[in-house]
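Work through the exercises below with the model open. Try each task before reading its solution.

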Amino acid sequence: GINCSGGNPVITGCTISSNTASFSGGGIYCYTNSYATINDCTIEDNSAGGQDIPGYGGGVHCAAESDFEITATITDCMIRSNSATKRGGGIYSIGAISTINDCTISNNTSHDGGGGLYVRDSDSNIIDCRLLGNSSLDGGGLYLWESNSSIQDCEILGNGAKAGGGIFCYISNAVMTNCTISDNVASDPNLLSHGGGIACYTYSDAIISNCIITNNTAGRMGGGIFCNSSDPTIANCVISGNTVYEGGGI
């Protein structure tokens, strides 16, 4: 749809739909010292990747490598029904400094990680957003990899994955505050699924405070929260009504 390279575009009040990229950024692709501002846009039904081709960022793709910087501010946008054959059905951000504020990210899909949103090697600010009905292999709503992102005042509802139905953290010390994480599912036919609401893997010492984690489901362990080789801090949270079919966890 739109390719941003070495520029400072301001994209406002646009509908970006039904575009296809054979590799990355079906709707919007930002790379190489781009400082994009995306406001009040609808980004829907875009796709990244193809048969046997890994795709990243079905809706929006932000990537920074080596000495380049990417800064993206996405505000008051509807990002829905996008798909990626690899990661980041709605949004994919790697090495970029992104602020995502007051957005609805819904019904996006990816095959590997981050159905709604995938963040790697960057510390994004995700504020007052709604991640609804997204799906992927891991991290149905949100996947964080080596990221200390801040997730504030968000609703993460009805997402699905094999592990981390709502949120999947890998080597990430995310800070989650005042969020509602409910009705997410980590399911697998063989019950090898963990963390219906949140899954923290491999040195993911997340800080989770003042959150409501309810009515999530996991096939094997951790209906609400699953921790593996991780030491999260959980404070002032309501954790109730979560279901696990086999094993323990919260």
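In β34, Val-238 is the bridge partner of Ile-212. This is a predicted model, and the exercises start from that pair.

**Exercise 1. Place the Ile-212 and Val-238 pair in its sheet.**

Which strand is joined to β34, and by how many bridges?

Step 1. Strand β30 covers residues 212-214. It is joined to β34 by 3 bridges, and the two run parallel.

Step 2. Widen the view to the sheet. It is open and holds 9 strands, with parallel pairing. The order is β3-β7-β11-β15-β19-β22-β26-β30-β34.

Step 3. Find the edges. These are β3 (15-17) and β34 (238-240). Each has a single partner strand, so one side of each lacks a neighbour in the sheet.

Step 4. Add the turn between strands. Neighbouring strands of this sheet are turned by 5° against each other on average, direction ignored.

**Exercise 2. Examine Thr-104 in the same sheet order.**

Is Thr-104 buried or exposed?

Step 1. Locate the residue. Thr-104 is found in strand β15, residues 104-106. β15 stands between β11 and β19 in the sheet order.

Step 2. Read the accessibility. The relative value for Thr-104 is 13%. The limit for buried is under 20%. Thr-104 therefore counts as buried.

Step 3. List the contacts, leaving aside neighbours within four places in sequence. Thr-104 touches Cys-77, Met-78 and Ile-79, as well as Arg-130 and Leu-132.

**Exercise 3. Trace the sheet that contains β13.**

What is the strand order of the sheet with β13?

Step 1. Write the order: β1-β5-β9-β13-β17-β20-β24-β28-β32. These 9 strands form an open sheet with parallel pairing.

Step 2. Mark the edges. β1 (2-5) and β32 (225-228) each have a single partner strand, so one side of each is left without a neighbour in the sheet.

Step 3. Note the twist. From one strand to the next it averages 5°.

Step 4. Take β13 with β9. Strand β9 spans residues 60-63 and pairs with β13 in the parallel sense over 4 bridges. Ala-63 stands opposite Ile-94 in β13.

Step 5. Take β13 with β17. Residues 91-94 of β13 and 117-120 of β17 form parallel strands joined by 4 bridges. In β17, Leu-117 is the bridge partner of Ile-91. Arg-120 in β17 stands opposite Ile-94.

**Exercise 4. Characterise the loop residue Ser-124.**

Which residues does Ser-124 contact, beyond its neighbours within four places in sequence?

Step 1. Find Ser-124 in the loop between β17 and β18 (125-127).

Step 2. Check burial. Ser-124 has 1% relative accessibility, so this loop residue counts as buried.

Step 3. Name the contacts. They are Ser-93, Ala-96, Ser-98, Val-119, Ser-149 and Ser-150.

Step 4. Compare with Asn-19. Ser-124 and Asn-19 are 105 residues apart in sequence. Their C-alpha atoms are 26 Å apart in space.

**Exercise 5. Classify the ring pair Trp-145 and Tyr-170.**

What is the angle between the planes of Trp-145 and Tyr-170?

Step 1. Take the geometry. The planes stand at 85°, and the centres are 5.2 Å apart. Planes over 60 degrees apart count as edge-to-face. The pair is edge-to-face.

Step 2. Place the rings. Trp-145 lies in β20 (residues 142-145) and Tyr-170 in β24 (residues 167-170). The pair therefore ties together parts that are 25 residues apart in sequence.

Step 3. Compare accessibility. Trp-145 counts as buried at 17%, whereas Tyr-170 is partly exposed at 26%.

Step 4. Look at the surroundings. The whole structure has 10 aromatic pairs. Trp-145 and Tyr-170 belong to one aromatic cluster, whose members include Phe-23, Tyr-56, Tyr-92 and Phe-226.

**Exercise 6. Describe the whole chain.**

How many helices and strands are in the chain?

Step 1. Count elements: 0 helices and 35 strands.

Step 2. Judge compactness. The radius of gyration is 17 Å, close to the 18 Å given by the globule rule for 250 residues, so the chain is as compact as a globular protein of that length.

Step 3. Give the extent. Along the principal axes, the C-alpha atoms fill a box of roughly 50 × 35 × 30 Å.

Step 4. Summarise burial and surface. Of the 250 residues, 52% count as buried. The chain exposes about 9500 Å², and carbon and sulfur atoms supply 46% of it.

Step 5. Check contact range. Among contacts with a separation of 6 or more, 83% come from residues 24 or more positions apart.

Terms used. Residues are numbered from 1 along each chain as its sequence is written. This is a predicted model: local features need pLDDT of at least 70, side-chain atom pairs count only at pLDDT 80 or more; totals for chains, interfaces and linings use all residues. Side-chain values use heavy atoms; hydrogens and water are left out. Two strands pair if DSSP finds at least two bridges between them. Axes are lines fitted to C-alpha atoms, for helices over the stretch in contact, and angles run from 0 to 180 degrees between N-to-C directions. The radius of gyration is taken over C-alpha atoms; the globule rule is 2.2 Å times the number of residues to the power 0.38. Buried means under 20% relative accessible area, exposed over 50%, partly exposed in between (1.4 Å probe, protein chains only). Contact means heavy atoms within 4.5 Å. Accessible areas come from the Shrake-Rupley method with a 1.4 Å probe; for residues, only the protein chains shown count as cover. Rings of Phe, Tyr and Trp (its six-membered ring) pair if their centres lie within 6.5 Å; planes under 30 degrees apart count as stacked, over 60 as edge-to-face and the rest as tilted.
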